[in-house]
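Here are some notes for a colleague who is opening this structure for the first time. They are set out as numbered points, to be read beside the model.

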Amino acid sequence: MFRRGRNLQFIKSEKKNLGNPFRFQRLHGSGTRFLQIWVIGIIGLLAFFYWAIFSSPFAITKVRIESAMALPIESLIQSLTKQLSLRYWSFIPQRNIFAFDARALSKTISEQFLLGDTTVKKNRPHEILLTIAEKPREILWSSRGQLYALDPQGLMLGTTEIKPGEKKTVIYDQSGAIPEARAQILTPALLRFISTLTRNARVITLNPQFFIIADAQAPEIALKVGEGWSIKFDTTQAPETQLKNLDIILRNSIAPDALKKLEYIDLRFGEKTYYKFR
């Protein structure tokens with residue numbers, strides 16, 4: 001009896017573990033419906049993607065240009081037309097507002113118009129806004145009577161002019177060499193040197209006019225001030241030390257009423273400072 005009861009219990013346990021055979025059939029049916037919904041959803045997304053990319057609702061139909069600079073419109077049109085004819089990932093036409101590569105167009109325009117800061121913005125759903133603003137040019141290079149704009153790294157951007165009322169720092173090149181576009185005219189170190197001079201409080205009181213340099217590689221530069229005399233600096237030495245010597249000699253050695261008689265002050269010799277009257 002005891003052994004038979006154990007057998008019956010074991011058989012019941014096996015049947016209990018088998019469970020309802022229809023339960024697995026119901027799960028299988030639910031998975032099939034989920035797969036069908038998933039496939040339909042993917043097809044719907046692909047259809048929407050195709051409609052959004054290749055149909056007219058998001059096609060670029062207008063390009064607006066905002067700039068105060070004189071621009072060669074034909075050259076701009078050629079750049080825009082070429083950009084619109086390209087394909088993103090070699091598949092999606094860039095005439096679509098979403099696929100249009102604004103950064104690439106901005107780079108292309110910036111290389112053509114070195115004097116301008118270019119911004120390209122996509123105004124969805126149909127418009128591209130191209131803004132070209134003139135770059136700030138605090139330091140100008142002058143050679144043979146022509147002014148050239150320099151960027152903050154000392155690269156030549158192109159010819160320019162000083163507008164009425166503008167206050168710019170002009171460097172006159174005595175060598176007469178004609179710089180090439182994107183050529184390195186001045187080093188960033190020399191630009192920082194000149195900027196330090198023009199911001200100095202003592203120099204500002206002297207009404208600085210312009211700088212004179214023998215050529216772009218010369219180790220010295222002269223600053224012409226309002227009363228007609230000049231200050232000679234060594235660009236290989238620290239400007240702070242030379243400016244300190246300038247302040248000392250103007251306070252202790254040269255009377256204010258004698259400044260008009262000066263020809264120059266020479267700060268190129270370390271702690272020794274020289275000056276000459278006319």
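1. A residue is called buried under 20% relative accessible area, exposed over 50% and partly exposed in between, with a 1.4 Å probe and protein chains only. The model is predicted, so local features need pLDDT of at least 70 and side-chain atom pairs count only at pLDDT 80 or more, while totals for chains, interfaces and linings use all residues. Residues are numbered from 1 along each chain as its sequence is written, and side-chain values use heavy atoms, with hydrogens and water left out.

2. The protein chain has 7 helices and 14 strands, taken as DSSP runs (H or I of at least four residues for helices, E of at least two for strands) and numbered from the N terminus. Of its 278 residues, 34% are buried.

3. Helix 7, residues 239–252, is worth following along its two sides. Pro239, Gln242, Leu243, Asn245, Leu246, Ile249 and Leu250 are buried there; they lie on the same side of helix 7 because they cover an arc of only 160° around the axis, judged by the directions from the helix axis to the C-beta atoms. On the other side, Glu240, Lys244, Arg251 and Asn252 are exposed.

4. What do the buried residues of helix 7 pack against? Their partners are helix 5 (188–199), helix 6 (201–205), strand 12 (230–234), strand 13 (262–269) and strand 14 (272–277), where contact means heavy atoms within 4.5 Å.

5. Isoleucine 42 belongs to helix 2, residues 21–54, and is partly exposed, with a relative accessible area of 35%.

Conventions: The expected span of a helix is 1.5 Å times one less than its number of residues.
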